[in-house]
Amino acid sequence: MEELGRIERAAKRLSGLGRPEVAVVLGSGLSGVFPLTRERALPFAAIPGFPTPTVPGHSGEVAVGEVGGREVLVQRGRIHLYEGHSLADVVLPVRAYARLGVRVLVLTNASGGIAHGLEAGDLVLLSDHINLLGDNPLRGPNLDPLGPRFPDMTEVYDRGLRRIAHQVAEELGLRLKEGVYLATLGPSYETPAEIRAFRALGADLVGMSTVPEAIAARHAGMRVLGISCVTNLAAGVSPAPLSHDEVIETSRRRAGDLGRLLSALVPRL
Ligand code: HPA
C-alpha cells in the first residue's frame, strides 16, 4: 500500500538519527522547552513524506538525543488539520515513529481552559478526549501491518504513565491537573455558545491538535501521555478576546516548568 511505503521511507530516514523508544511532540510555543544532549536533528523538509508546517511558532524539526541517559526523539512543531493537510499527513510522523520502534508517545499542546477553576498557565494531563474534528485518521483502507480496523479507545491516555507523571510533578513541586480535551478543526477560535456546548459535553480543555496523533498512536499500539498547557481561558469564560499571540506568550512563559517536568519524566517512561 502506498501509504505504508511513505511511512517506511520516513522511518528509514529517521533511523539514521537513532533508535529511540520514547518520542515527545512539542506544540505551539513549546518547541524550546526540552534540551537534549548529543542532539542530531532533521528539518521536516529533509524527511521523505513529512508535510511542512505553516504556522508561526511551529518550526518543524525532528531531533534525537539523550535526556537523563535515555535516548529520546523530540518533534518540534506539528502539522494541523486546519492547515489544509489530510489527517494521513497529520499522523504520518507518529506512524513513522511507531515503525522506528517508539513505544511511548508524549503529546503536548496549548489549549483553552473550559472547566471552572482552570487558569491560564495551568499544566493539565489529558485523561481522555472528545473528537469533534469531523474526521478520523484511520478513515480509509486499514493499514493492517500497523494495527486493527477497529482499535479500542477505552484508555487512550495510559493510566500507568499518568501515575508516573503525577509522581514526578509532585517531586518537582509542580501542580499538574487532569482533564478531558476536546479537539475542534479550527482555525477560528470557538464562540462562547460553542464553549458552553463543549462544557455540557464533558470537555475541560479545547484545542486544535493531539487527537489525531493519539488515535493513530493507539492504533499502532503505542502508549500515550498527553500534557496540555492552558494558554488562555476559552471564549466567553473570560470576557477578553482570544489571540494567537497570547497563546504563544503563555506557552513560552510556562515552557520552563514543562521542560523540567519532561526532563525528569522521560527517563522514567
Ligand atoms: N481554542 C482552541 N485552541 C486553542 C485555544 C482555544 O482557546 N487556546 C490554545 N489553543
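## Basis of the model

Helices (H or I, at least four residues) and strands (E, at least two) are DSSP runs, numbered from the N terminus. This is a predicted model, in which local features need pLDDT of at least 70, side-chain atom pairs count only at pLDDT 80 or more, and totals for chains, interfaces and linings use all residues. Residue numbers start from 1 along each chain as its sequence is written, and side-chain values use heavy atoms, with hydrogens and water left out.

## Ligand shell

The shell around the ligand draws the most from β5, which gives three residues. The elements that give two or more residues are β5 (104–113), β8 (205–207) and β9 (223–233). Residues surrounding the ligand, each with a heavy atom within 4 Å of it, include A110, S111, Y189, V206, M208, T231 and L242.

By class, the shell holds six nonpolar residues, five polar and one charged. Here Ala, Val, Leu, Ile, Met, Phe, Trp, Tyr, Cys and Pro count as nonpolar, Asp, Glu, Lys and Arg as charged, and the others, Gly among them, as polar.

## Polar contacts and cover of the ligand

A polar contact is a pair of N or O atoms within 3.5 Å; within protein, one must be able to donate a hydrogen and the other to accept it, and residues adjacent in sequence count only if both atoms are side-chain atoms. A ligand nitrogen lies 2.7 Å from a side-chain N or O atom of N232. For the side chain of E190, the distance from a ligand nitrogen to an N or O atom is 2.8 Å. At G112 the partner is a polar backbone atom, 3.3 Å from a nitrogen of the ligand.

Of the 260 Å² of accessible area that the ligand has on its own, the protein covers 95%. These areas come from the Shrake-Rupley method with a 1.4 Å probe; for residues, only the protein chains shown count as cover.

## Backbone features

R38, in strand β2 (residues 37–43), is not a glycine but has a positive phi of about 50°. R38 counts as exposed because its relative accessibility is 62%, where exposed means over 50%, buried under 20% and partly exposed in between (1.4 Å probe, protein chains only). T210 also has a positive phi, near 70°, in a residue other than glycine. T210 lies in the loop between β8 and α5 (211–219) and is buried, at 0% relative accessibility.

G186 and P187 are joined by a cis peptide bond, with omega about 0°. P187 belongs to the loop between β7 (176–183) and α4 (192–201).
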